[in-house]
Amino acid sequence: MANVHCFTSASLAYLDRVRVLGETLKRYHPDWTFWLCLCDREPAGFSLRLEREPFDLVVRTEELGIDALGSWIFEHDVVELCTAVKGAMVCHLLEHGASRVVYLDPDIAVLGDLGEIETLLSEKDILLTPHVIQAEEDPSAILDNEIGSLKHGVYNLGFVAVANTVGGRSFARWWRDRLLEFCFDDIPNGLFTDQRWCDLAPALFPNVHILRDPGYNVASWNLSQRPISIEPDGAILAAGVPLRFFHFTKVPGVGEHMLERYSGGNLAVFELLAWYRARLSENAASGLPGGWWAFGQYADGSEIPREHRVAYRRCSKLRKGFPDPFASGRESMAKAISDYCRDS
Amino acid sequence: MSTASLIQVFRETNEMAGSDPDRGATAARNFDQQGPNESQRWRWEKTQVCRTRHSDALRRQLDALVPLRQRALAWGQAASSSATISRTTIEHRLCRGASSRLIIAISHDDYVLNYGGVQTLIGDEQAACNRAGWNYLHVSPAKPLPFLADPTAAQAFHVGLRLDGKSIGVANFAELVAAVAACRHKGLTAQFICHHLMGHAPELVLDLIRASGTHRITCWIHDFFTLCPSYGLMRNDVAFCGAPDPSSPACTVCCYGEERVRHVRRMETFFEITDPNLLIPSEPARDFWLRKSTLCHADAAVVSHARLVMASSSVGAGTNSEPRALRVAHLGVGATLKGWHIFRDLALECDGDDRYAFLNLGSWVPSDLPSCIRHVPVRVTPANRYAMVEAVAEARVDVAVIWSLCFETFCYCVHEALAGGAFVITRVGAGNTWPAIERNAPRQGCALTDEEELFQLFKNRDLERIVDASNRRRGALIPSSGAANWLLNGSTTAVAAADSNEPTRAPADADG
């Protein structure tokens with residue numbers, strides 16, 4: 001049996017989602033090792049107890065061997081950070097002997113067998129799922145889903161799978177290096193976190209497989225082409241084939257509007273949504289302060305504006321001048337920027 | 001770093017930053033604030049049609065879903081708080097009975113205090129057993145639950161007891177078992193009928209069966225609780241599921257799925273030990289149950305909840321002799337499960353069409369009753385069990401729409417509508433609804449595939465033509481003796497014609 005290691009990457013605010021991913025993954029693949037790459041630190045009085053969690057192991061950002069970690073973390077907002085570690089985590093798992101590494105976003109729920117991934121990785125180095133695999137016809141869907149893919153990346157990096165082969169390791173190292181330097185939400189400059197980089201993967205790496213099965217990575221952006229049905233035999237189908245995993249992007253919240261828009265009134269979608277919300281509620285992290293992210297505030301507790309992070313990552317002088325950007329007080333970067341904002 | 005240089009860096013970098021990566025959020029905000037743009041409109045309008053037909057009510061139902069264990073807390077508030085009676089009291093009451101023969105029957109609630117098809121049948125069964133010289137002990141959980149009671153100690157589980165229809169109190173299960181065992185040692189002969197296990201712990205019920213000395217129990221399949229805690233097999237209370245394998249993805253996303261795994265395991269044990277004779281109220285229900293169940297059983301007989309005898313002559317020309325709107329009715333509870341939302345949408349779509357008048361016949365007024373539907377209060381009680389039949393006739397209902405979303409194992413409504421002289425429109429795949437029409441009055445109803453067909457039928461002139469040509473008759477509903485005939489006489493024609501003195505309305509009167 002293949003030595004499959006699956007991981008997700010999240011802050012503690014997404015712990016409920018991680019748990020749902022874990023419990024659904026374990027239902028189909030109890031033999032896979034499931035890791036959480038934690039881009040956060042626990043607040044006082046809160047601790048992860050692995051024996052009660054559906055993930056087997058936790059790797060913290062500190063364990064990924066990233067240079068000048070504090071400065072590096074500061075450059076990223078929470079989404080950027082959680083995606084920026086993915087390449088390093090793939091390398092980490094491959095280096096520790098995983099024969100196959102599968103990444104799944106925390107807001108994914110596994111609803112079918114993923115054995116095909118193992119099989120495909122015995123021949124292919126890298127598996128990617130495109131956002132869309134069928135041309136849209138409706139102008140608004142073209143705008144949302146096709147042009148959206150051009151802006152955000154052809155492939156959805158809620159899923160990527162890598163074999164521990166020469167080609168797989170080569171991809172992992174390249175992706176890690178790029179993400180350590182350039183994993184930002186900066187569409188005008190051609191970047192969208194980890195995702196746009198993988199547009200290059202099929203060109204740079206010869207043994208990439210584009211997984212076109214519509215049962216994988218069903219989400220609001222492809223729902224218009226992949227109607228969901230729940231059959232009398234208990235199967236859940238997407239575009240007529242077994243649903244493997246559903247990507248509940250921004251659920252609960254604005255993602256529900258997008259699912260509604262592209263559901264075509266299909267009740268099965270809302271059944272999935274109701275189930276997912278119930279599972280999130282069941283798996284809520286009790287004792288975690290609302291909106292918690294350890295790297296979201298300066299040392300004095302004030303929220304770090306995105307503009308401060310952008311400034312810091314773009315300017316080597318700032319990074320050199322303030323090696324501890326999270327600090328607060330008279331000599332801190334926070335103070336200097338605040339003074340500027342007040343005076344201007 | 002100087003403040004001046006920092007300011008410059010900050011200005012430059014801020015000018016370079018800024019994009020809205022969240023296309024979803026932006027688009028959704030725009031959509032919500034401004035409505036659909038032209039390019040979005042066709043899709044939006046398409047989805048609106050679907051919603052009005054089906055999704056709105058079902059989505060409300062989904063939004064209101066409460067986890068099963070939380071529901072149990074609400075149900076538990078109806079628990080009886082009566083003081084418990086002792087083994088000796090139970091023993092005394094059982095042994096003091098007129099007969100040394102005792103039927104022990106269990107079901108999910110007190111059949112005297114609650115009213116419905118199953119409760120009526122149990123009442124009839126009790127009466128038939130009493131007439132045949134058997135006492136009838138009914139056992140129901142003191143604390144109602146929407147699933148099997150968790151395995152528990154007999155001393156901690158309380159049940160309500162009725163002997164021959166009269167309450168004898170609340171007892172803990174250990175006392176009940178001991179009392180039955182003691183009576184048996186004094187020569188009592190017992191038979192055991194399981195109507196429903198909801199709210200019971202099957203492991204304790206097995207103790208009671210053993211104490212009763214019953215060789216083979218009789219088990220009713222009134223609904224599909226033996227297959228799933230969702231007794232109507234309604235996945236998430238919105239869609240008939242067909243009872244797939246409990247490990248299926250469909251059960252994974254169903255609010256009953258987690259409970260079902262334990263439920264099925266306990267049912268398997270119960271049926272394996274009891275190997276019961278099954279009574280099922282219709283052939284479609286029996287066929288479905290046999291196809292979907294792997295539970296052990298010795299036999300599976302069809303025993304109808306009631307028998308419908310149709311009059312030989314038609315309702316007559318009176319109904320439509322003078323031009324008037326066709327009276328179209330929904331019968332019973334205004335519940336989504338019973339297709340109320342479809343009926344409501346149909347009435348709204350036909351609002352202003354003078355060919356139709358819509359009625360709702362039931363005991364309570366649905367909260368979402370639109371002005372285009374007239375509510376006709378009908379309260380069916382044990383004392384007036386044919387109130388619905390009479391109301392259909394008195395309101396001169398031409399068409400009853402019985403649009404159950406679930407699989408009806410018998411469906412009183414269809415029988416009541418036919419007995420009241422209405423033409424019945426039902427849904428293909430709603431269990432016994434269409435087979436009941438086909439068997440009793442094949443020209444007095446039709447089955448449609450889906451809502452689109454239903455709405456189309458009302459839109460064009462087909463309905464008036466079909467109803468005019470339907471040769472509608474009235475009928476009489478004759479109650480069943482439940483398991484009594486089957487159990488005591490070995491007859492599967494367990495209707496009460498032979499042993500009931502109260503046929504409701506003779507077929508000859510039906511035209512009245």
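**Strands, helices and domains in chains A and B**

In strand β4 of chain B, A171(B) is the bridge partner of V159(B). This pair makes a friendly entry point to the model, which is a predicted one. The two strands concerned are β3 (residues 158-163) and β4 (residues 166-172) of chain B, which run antiparallel and are joined by six bridges. Together β3(B) and β4(B) make a hairpin in which two residues lie between the strands. Within that turn, D164(B) has a positive phi of about 50°.

Stepping back from the hairpin, chain B as a whole contains 19 helices and 18 strands. The chain has 512 residues, of which 50% count as buried. Many of its contacts bridge long stretches of sequence: when contacts between residues at least 6 apart in sequence are considered, 69% join residues at least 24 apart.

The domain assignment splits chain B into domain 1, covering residues 87-304, and domain 2, covering residues 308-479. Taken over C-alpha atoms, the centres of these two domains are separated by 32 Å. Where the domains touch, 18 residues of domain 1 of chain B are in contact with 15 residues of domain 2 of chain B. On the domain 1 side, the elements that give two or more residues are α6 (117-131) and α11 (283-292) of chain B. By class, that side of domain 1 of chain B has eight nonpolar, seven polar and three charged residues.

A pair of helices in chain B offers a closer view of packing. Two packed helices are described by the angle between their axes and the distance between the axes. For α13(B) and helix α17 (residues 451-459) of chain B, the angle is about 35° and the axes are 11 Å apart. The crossing in which α13(B) passes α17(B) is right-handed. From α13(B), the residues I342(B), L346(B) and E349(B) take part, and they meet E451(B), L454(B), F455(B) and F458(B) in α17(B). Sorted by class, this contact has five nonpolar, no polar and two charged residues.

Helix α13 (residues 340-349) of chain B is also the home of D345(B). Is D345(B) buried or exposed? D345(B) counts as buried because 21 other C-beta atoms lie within 10 Å, and the cut-off for a buried residue is 20 or more. The C-alpha atom of D345(B) is separated by 9.2 Å from that of F455(B), although the two residues are 110 residues apart along the chain.

Chain A can be toured in a similar way, beginning with its sheets. One open sheet has seven strands in the order β3-β2-β1-β4-β7-β6-β10 (chain A), and its pairing is mixed. At its edges are β3 (57-60) and β10 (208-210) of chain A, each of which pairs on one side only. On average, neighbouring strands of this sheet are turned by 25° against each other, direction ignored. Within the sheet, strand β1 (residues 4-10) of chain A runs parallel to strand β4 (residues 100-104) of chain A, and four bridges join the two. There, F7(A) stands opposite Y103(A) in β4(A). Helix α7 (residues 166-181) of chain A packs on the sheet, where α7 touches β6 (126-130) and β7 (155-163) of chain A. The direction of this helix makes about 135° with that of β7(A).

Another open sheet of chain A is formed by three strands in the order β11-β12-β13, with antiparallel pairing. Here β11 (228-230) and β13 (241-242) of chain A each have a single partner strand, so one side of each is left without a neighbour in the sheet. Three bridges pair β11(A) with strand β12 (residues 236-238) of chain A in the antiparallel sense. I230(A) stands opposite I236(A) in β12(A).

Finally, the domain layout of chain A comprises domain 1 (4-213) and domain 2 (306-343). The C-alpha centres of these domains of chain A lie 30 Å apart. Their contact takes six residues from domain 1 of chain A and nine residues from domain 2 of chain A. The side of domain 1 of chain A that touches domain 2 of chain A has, by class, one nonpolar, three polar and two charged residues.

Notes. Residues are numbered from 1 along each chain as its sequence is written. Chains are lettered from A and ligands numbered from 1 in the order in which they are written. This is a predicted model: local features need pLDDT of at least 70, side-chain atom pairs count only at pLDDT 80 or more; totals for chains, interfaces and linings use all residues. Domain bounds come from an automatic or database domain assignment. Two residues are in contact if their C-beta atoms, placed from the backbone, lie within 7 Å. Ala, Val, Leu, Ile, Met, Phe, Trp, Tyr, Cys and Pro count as nonpolar, Asp, Glu, Lys and Arg as charged, and the others, Gly among them, as polar. A residue is buried if 20 or more other C-beta atoms lie within 10 Å of its own, exposed if 12 or fewer, and partly exposed in between; C-beta atoms are placed from the backbone. Axes are lines fitted to C-alpha atoms, for helices over the stretch in contact, and angles run from 0 to 180 degrees between N-to-C directions. A crossing is left-handed if the near helix is turned anticlockwise from the far one by less than a right angle, and right-handed if clockwise. Two strands pair if DSSP finds at least two bridges between them.
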